Amino acid sequence: MSIVKLTTNNFRNLDNATLILHPDLNFFIGENGSGKSSLLESIFFLGHGKSFRTSKTENVVQFDQTNFVVSALNCDNKRFGLLRDTRTGSTEIKIDGVKHSKFSELAQNIAVQIITPESFKLFFGGPRERRRFVDLGMFHVKHNFSELWKEFTQILKQRNACLKRNIRGQQFDYWTEQFCFICNTIAQLRYDYLNQIKNELSKWLEILLPDYTDDITVSYLQGWNSKKDLLTILKQNEEREFEKGHSLFGAQRFDVRFQYKGLAVENLLSRGQQKLFLLALTFTQTKLIEQVKRVKPILLIDDIGAELDIHSRMAFYQSISEVNCQIFISAIDYQALEPIIPSDNNYNMFHVKHGKISAISK
Ligand SMILES: Nc1ncnc2c1ncn2[C@@H]1O[C@H](COP(=O)(O)OP(=O)(O)OP(=O)(O)O)[C@@H](O)[C@H]1O
């Protein structure tokens with residue numbers, strides 16, 4: 001479902017506002033510091049329960065305020081949102097007027113992905129962002145993943161507690177056995193999902209990076225040597241794990257490697273090409289989420305103009321016309337959006353100035 005109305009209160013520098021959104025395509029234009037990223041951040045918050053810019057929620061609440069609200073109405077007339085109080089650190093979630101305690105309830109209603117000018121640095125910089133990216137897709141595409149992940153984190157916590165407190169014997173063996181079992185289940189699910197990604201990715205690379213399509217490979221590293229049994233590896237490394245005080249192998253350590261002709265993509269592609277690669281991956285994931293049809297995916301693209309020349313923006317335009325998601329794009333000026341703006345006027349455009357958002361008539 002697209003979101004058709006968005007309300008924000010006390011969010012960053014944004015004036016309290018209610019926006020009527022286009023179900024497919026929305027543009028936000030404004031100068032540096034006007035509030036474009038803040039607006040995208042508010043939508044991201046609805047989908048993830050956190051910011052993509054800071055881990056400190058007190059940075060997000062408007063100066064001199066103690067709470068903020070973000071809420072949305074989807075095209076099925078479902079209302080959902082959250083109120084975050086920075087004094088108490090609590091978050092109140094409401095879906096159709098009913099309070100919920102778990103953020104995952106809210107996340108079922110909205111699948112948000114974001115690309116910022118910094119995204120590719122983070123994405124290629126270390127496994128954290130790649131893990132986040134894959135698991136966001138897993139959460140929406142593999143229906144049992146959310147429950148499985150919750151159970152996994154509990155088991156990992158128990159096992160790590162044993163490692164940290166040097167608890168050996170029956171208790172440790174029990175958690176190790178549980179850990180191995182659930183790691184294998186998750187690894188298999190992720191393996192299946194990565195295969196889905198591989199199959200879909202070439203289509204988007206063909207549009208966005210046609211010269212590179214044939215020689216790109218995606219490899220899945222499950223978190224331990226896939227030729228060996230996890231339990232055997234853990235037994236062999238038991239002393240090392242007790243020394244470190246946490247689990248050194250397992251599904252929490254997975255990664256994905258992207259290579260071109262056998263070399264790391266990030267070492268070969270230019271910054272603009274890396275952005276196109278990340279866009280291709282994001283469209284891939286969007287397509288996979290869209291296919292399960294629980295929610296219409298939302299794609300936030302902050303500062304589209306950065307690093308993309310006119311040809312790349314044309315390829316981007318072709319991509320967005322082939323994916324069924326709701327897109328929010330920010331740009332410094334109208335020029336940076338050329339040739340992305342559709343000639344059929346089928347979009348909404350807003351101007352952002354000093355935190356005030358106003359609709360631009362077409
Ligand atoms: N908690 C806050 N309360 C009020 N204002 C804030 C808060 N946090 C940041 N700001 C201000 O909000 C403004 C908008 O920032 P934002 O990053 O959204 O701008 P932007 O339009 O995306 O700019 P750019 O094009 O440079 O990326 C900045 O001037 C910033 O100083």
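**Ligand shell, sheet, helices and backbone exceptions**

In this predicted model, the shell around the ligand is made up of three nonpolar, ten polar and two charged residues.

Visitor: Which helix gives the most to the shell around the ligand?
Guide: The ligand is surrounded by 15 residues, and Asn13, Asn32, Gly33, Ser37 and Ser38 are the closest. One helix, covering residues 36–48, contributes three residues to the shell. The helix that gives the most is α1.

Visitor: Which strands stand at the edges of the open sheet β9-β10-β11?
Guide: The three strands follow the order β9-β10-β11 with antiparallel pairing. The strands at residues 216–221 and 263–264 each have a single partner, so one side of each has no neighbour in the sheet. The edge strands are β9 and β11.

Visitor: Which residue of β11 stands opposite Gln259?
Guide: Strand β10 spans residues 255–260 and pairs with β11 in the antiparallel sense, over two bridges. Opposite Gln259 stands Ala264.

Visitor: At what angle does α6 run to β9?
Guide: Helix α6 takes in residues 170–208 and lies across both β9 and β10. Its angle to β9 is about 165°.

Visitor: How are α6 and α11 oriented to each other?
Guide: Two packed helices are described by the angle and the distance between their axes. The axes of α6 and α11 (residues 310–320) come within 8 Å and cross at roughly 140°. An angle over 145 degrees would count as roughly antiparallel. The two helices are therefore oblique.

Visitor: How many residues of the contact of α6 with α11 are nonpolar?
Guide: Helix α6 brings Trp204, Ile207 and Leu208, and α11 brings Ala315, Gln318 and Ser319. Two residues of this contact are polar and none is charged. The nonpolar count is four.

Visitor: Which peptide bond is cis, with omega near 5°?
Guide: Most peptide bonds are trans. The cis bond leads into Pro339, a residue in the loop between β13 (326–331) and β14 (348–353). The bond runs from Glu338 to Pro339.

Visitor: Is Asp64 buried or exposed?
Guide: Asp64 is in the loop between α1 and β4 (67–74), and its phi is near 70°, a positive value in a residue other than glycine. It has 6 other C-beta atoms within 10 Å, and 12 or fewer is the cut-off for the class. Asp64 is therefore exposed.

Visitor: What is the phi of His354?
Guide: His354 lies in the loop between β14 and β15 (356–360). With 12 C-beta neighbours inside 10 Å, His354 counts as exposed. Most residues other than glycine have a negative phi. The phi of His354 is positive, near 45°.

Definitions and conventions:
Residues are numbered from 1 along each chain as its sequence is written. This is a predicted model: local features need pLDDT of at least 70, side-chain atom pairs count only at pLDDT 80 or more; totals for chains, interfaces and linings use all residues. Two strands pair if DSSP finds at least two bridges between them. Helices (H or I, at least four residues) and strands (E, at least two) are DSSP runs, numbered from the N terminus. Two residues are in contact if their C-beta atoms, placed from the backbone, lie within 7 Å. Axes are lines fitted to C-alpha atoms, for helices over the stretch in contact, and angles run from 0 to 180 degrees between N-to-C directions. Angles under 35 degrees count as roughly parallel, over 145 as roughly antiparallel, 65 to 115 as roughly perpendicular and the rest as oblique. Ala, Val, Leu, Ile, Met, Phe, Trp, Tyr, Cys and Pro count as nonpolar, Asp, Glu, Lys and Arg as charged, and the others, Gly among them, as polar. A residue is near a molecule or strand if its C-beta atom, placed from the backbone, lies within 6 Å of it. A residue is buried if 20 or more other C-beta atoms lie within 10 Å of its own, exposed if 12 or fewer, and partly exposed in between; C-beta atoms are placed from the backbone.
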